[in-house]
Amino acid sequence: MLREARILDAPYLMEDYYSKVIDWGRNNVLAVALGPVLFLWKWENGKVKKLLQVPGEDDYPTSVSWSHDAKTLAVGYMDSKLQLWDAETSKLVRNLEGHHRRVATSSWNHWNGHILTSGSKDKSIINHDVRVSNNVTSCIKAHSGEVCGLKWSNEGNLLASGGDDNVVRIWERSKMSSSKSLHRFTDHCGGVKALAWSPHQVNVLATGGGREDGCIKIWNVQKGTCIHGIDAKAQICGLEWNRHHKEILSGHGFSASGDGNKLCLWKYPNMTKVGELQSSNSRILDLSQSPDGLTVATAGADETIRFWEAFGPSGDEDSVSHLAGLVSLKTSVIR
């Protein structure tokens, strides 16, 4: 089936496996960090707004995460700051204290919308209550390497964390102050940035390992067991579940075997490959899914943002607005 890809130029997009540089909010706006500048790009009409620019040369956004209502954007920085920005007014709401090194990941608890969890190169996971002046409700140091992946479950009761120590941990929301995780998975042999909870089955989590691992693993977190594992033979930089069908999309980076820099679509639960698509000659760094669950955006090391109609029909093509000089349209086979 042919799918149409929109391509945006993304100059100064940082080539960093550990950063989370794009996030697609429920307001249908994509937040994109390009070097020291953070832009908001509206899908319906292609309008671009500059939200912030970091002064100086040594600091820049390293993680972006929309709140559930898409009114607030959490932005983590290279120099350890974590900030909340109002997307409508482009105003800084507040600084959240606690980290001492790069903040490469954050995740909002959508069940409890005032809880934001962040992970850092200082090896800590911090829960913030964004309503109160003393924002830190708990600080956990359980990983022995940088915390590069965080994802709250759809029900908001479990948190998955992935580290550069090659470990995945599962945390219960009600017991995070104890610093004792529910499960500790050590099957990966590379850093774990890619985490994705299944929209079809409660307690099912997909994880992906870095360059030295290249494996996708599916976990039953209720039992603490690995349901399935597949060697994708390439760095896993992002995972997105298809909300309409039981499939999962993986975005890949480096590969010793030459299988990298592509998107792969896998049928769940047997994890057979439905199709693959070469993105470019550069690695895919990050994935984010549209609110309707039909389109996936990828951030590439070739300084592009590409949009793939990966999960379903593209809808009314007449409603798509073209950005002259910025957007080109191509057709590609995804399955």
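Before I begin, let me define one term: I will speak of a salt bridge where a side-chain nitrogen of Lys or Arg lies within 4 Å of a carboxyl oxygen of Asp or Glu. Please also keep in mind throughout that what you see above is a predicted model.

With that definition in hand, take Lys20 and Asp286, which form a salt bridge whose closest N and O atoms are 3.2 Å apart. Lys20 sits in the loop between S1 and S2, while Asp286 belongs to strand S26, so this pair ties together parts that are 266 residues apart in sequence. Asp286 has a relative accessibility of 3%, and therefore counts as buried.

There is another salt bridge of this kind, between Arg283 and Glu15, with the closest N and O atoms 3.1 Å apart. Here Arg283 comes from the loop between strand S25 (272-278) and strand S26 (284-289), and Glu15 from the loop between strand S1 (2-9) and strand S2 (22-24), so the two residues tie together parts that are 268 residues apart in sequence. The partners are placed in contrasting surroundings, since Arg283 is buried at a relative accessible area of 9%, whereas Glu15 is partly exposed at 46%.

How many salt bridges does a search of the whole structure find? The total is 12. Among the others, Glu172 pairs with Lys175, their closest N and O atoms being 3.6 Å apart, and in this case Glu172 is partly exposed with a relative accessible area of 26%, as is Lys175 at 45%. I would also point out Asp16, Arg102 and Glu146, which are linked with one another in a network of salt bridges.

Let me widen the view for a moment. The UniProt record, an unreviewed entry, places the feature "domain: CDC20/Fizzy WD40" at residues 8-308. Over that stretch the chain is 0% helix and 51% strand, and the C-alpha atoms at the two ends are 12 Å apart.

As an example of the strands, consider S18, residues 192-197, where 6 of the 6 residues are buried, so that the strand is largely enclosed by the rest of the structure. S18 is joined by 5 bridges to strand S19 (residues 204-209), and the two run antiparallel; within this pairing, Ala194 has Gly208 as its bridge partner. Together S18 and S19 make a hairpin with 6 residues between them, and in the turn Asn203 has a positive phi of about 75 degrees.

I turn now to the aromatic rings, for which the search of the whole structure finds 8 pairs. One of them joins Trp41 and Trp43 edge-to-face, at 6.1 Å centre to centre and with 75 degrees between the planes, and both of these residues are buried. Another edge-to-face pair is that of Trp241 and Tyr268, at 5.1 Å centre to centre and 80 degrees between the planes. This pair links distant parts of the chain, 27 residues apart, with Trp241 in strand S22 (residues 236-241) and Tyr268 in the loop between strand S24 (262-267) and S25. Trp241 is buried at 4% relative accessibility, and Tyr268 is likewise buried at 6%. Returning to Trp41 and Trp43, ring pairs link them with Trp24 and Phe307 into a cluster.

Finally, there are charges placed over rings: the charged end of Lys81 sits over the ring of Tyr77, 4.4 Å from its centre, and that of Arg211 sits over the ring of Phe254, 4.5 Å from its centre.

Methods: Residues are numbered from 1 along each chain as its sequence is written. This is a predicted model: local features need pLDDT of at least 70, side-chain atom pairs count only at pLDDT 80 or more; totals for chains, interfaces and linings use all residues. Side-chain values use heavy atoms; hydrogens and water are left out. Buried means under 20% relative accessible area, exposed over 50%, partly exposed in between (1.4 Å probe, protein chains only). Helices (H or I, at least four residues) and strands (E, at least two) are DSSP runs, numbered from the N terminus. Two strands pair if DSSP finds at least two bridges between them. UniProt positions are given in the numbering used here, feature names are shortened, and annotations may be inferred rather than shown by experiment. Rings of Phe, Tyr and Trp (its six-membered ring) pair if their centres lie within 6.5 Å; planes under 30 degrees apart count as stacked, over 60 as edge-to-face and the rest as tilted. A charge sits over a ring if NZ of Lys or CZ of Arg is within 6 Å of the ring centre and within 35 degrees of the ring normal.
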